[in-house]
Amino acid sequence: MPEPGDGRALYGDYCAGCHGAAGRGDGPLAAGMTPPPADLTLIAARNGGELPRAQVLSTIDGYSRVHPDGPGMPEFGALLQGDLVPYDSGDGTLTPTPRRLVALLEYLETLQVEG
């Protein structure tokens with residue numbers, strides 16, 4: 001599994017510019033973005049108190065985006081490269097998942113606050 005600091009470093013490299021250091025959608029690139037970057041601290045709160053792991057993974061890797069060619073969050077192909085780890089995103093099945101993607105998801109889980 002990923003090391004504890006891996007997700008934080010990945011977040012800083014790939015996410016903080018838009019979502020902000022604390023994940024509230026207030027990064028230095030957020031001004032004027034339409035739609036504005038999501039507040040990542042409220043993902044669980046918006047989903048009944050549970051982090052929807054499979055949905056978050058799909059959003060990060062670009063699989064679940066409705067308009068992949070339109071404005072919005074870019075795809076992060078670099079996160080999909082490298083070794084795979086068995087990861088259960090909530091359905092009880094261990095699925096080979098890129099280690100870096102799992103690290104970022106685990107870090108996002110630490111940012112969650114009650115809504």
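This is a dialogue on how the terms applied to this predicted model follow from its computed values.

Trainee: What conventions apply to the residue numbers and to the confidence of the model?

Mentor: Residues are numbered from 1 along each chain as its sequence is written, and in this predicted model local features need pLDDT of at least 70, side-chain atom pairs count only at pLDDT 80 or more, and totals for chains, interfaces and linings use all residues. Side-chain values use heavy atoms, with hydrogens and water left out.

Trainee: Why are Y11 and Y107 called a tilted aromatic pair?

Mentor: Rings of Phe, Tyr and Trp (its six-membered ring) pair if their centres lie within 6.5 Å; planes under 30 degrees apart count as stacked, over 60 as edge-to-face and the rest as tilted. The centres of Y11 and Y107 are 5.4 Å apart and their planes stand at 50°, so the pair is tilted. The structure holds one aromatic pair.

Trainee: What makes this pair a tie between parts apart in sequence?

Mentor: Y11 lies in helix 1 (residues 6-14) and Y107 in helix 4 (residues 99-110), so the pair ties together parts that are 96 residues apart in sequence. Helices (H or I, at least four residues) and strands (E, at least two) are DSSP runs, numbered from the N terminus. Both tyrosines, Y11 and Y107, are buried.

Trainee: Why is Q112 called buried and Q81 exposed?

Mentor: Buried means under 20% relative accessible area, exposed over 50%, and partly exposed in between (1.4 Å probe, protein chains only). Q112 has 18% relative accessibility and is therefore buried, whereas Q81, at 55%, is therefore exposed. Q112 is in the segment after helix 4, and Q81 is in the loop between helix 3 (53-61) and strand 1 (84-88).

Trainee: What makes the approach of Q112 to L40 a polar contact?

Mentor: A polar contact is a pair of N or O atoms within 3.5 Å; within protein, one must be able to donate a hydrogen and the other to accept it, and residues adjacent in sequence count only if both atoms are side-chain atoms. The side chain of Q112 reaches the backbone oxygen of L40 at 2.7 Å, so the distance satisfies the cut-off. With contact meaning heavy atoms within 4.5 Å, Q112 also touches T41, L42, I43, A44 and L51, not counting residues up to four places away in sequence.

Trainee: How do you know that R53 and E109 form a salt bridge?

Mentor: A salt bridge is a side-chain nitrogen of Lys or Arg within 4 Å of a carboxyl oxygen of Asp or Glu. The N to O distance between R53 and E109 is 2.5 Å, so the criterion is met. This pair links distant parts of the chain, with R53 in helix 3 and E109 in helix 4, 56 residues apart. R53 has a relative accessible area of 23% and E109 one of 33%, and each is therefore partly exposed.

Trainee: How many salt bridges are there by this rule?

Mentor: The count comes to two. D83 and R99 form a salt bridge at 2.7 Å, N to O. It links D83, in the loop between helix 3 and strand 1, to R99 in helix 4, 16 residues apart. D83 is partly exposed at 41%, as is R99 at 24%.

Trainee: Why are the buried residues of helix 1 placed on the same side?

Mentor: In helix 1, G7, L10 and Y11 are buried. They cover an arc of only 105° around the axis, which puts them on the same side of helix 1; the arc is that of the directions from the helix axis to the C-beta atoms. An α-helix has 3.6 residues a turn, so residues three or four places apart point the same way. On the other side of helix 1, R8 and D13 are exposed. The cover over the buried residues of helix 1 includes helix 2 and helix 4.

Trainee: What makes a set of residues a nonpolar core, and which members touch the most others in the largest one?

Mentor: A nonpolar core is a set of buried Ala, Val, Leu, Ile, Met, Phe, Trp, Tyr and Cys residues joined through side-chain atoms within 4.5 Å. The largest has 22 residues, of which Y11, V56, I60, L79, L104, L105 and L108 touch the most other members. Helix 1, helix 3, strand 1 and helix 4 are the elements that give two or more residues to this core. Helix 4 supplies the largest share, seven residues.
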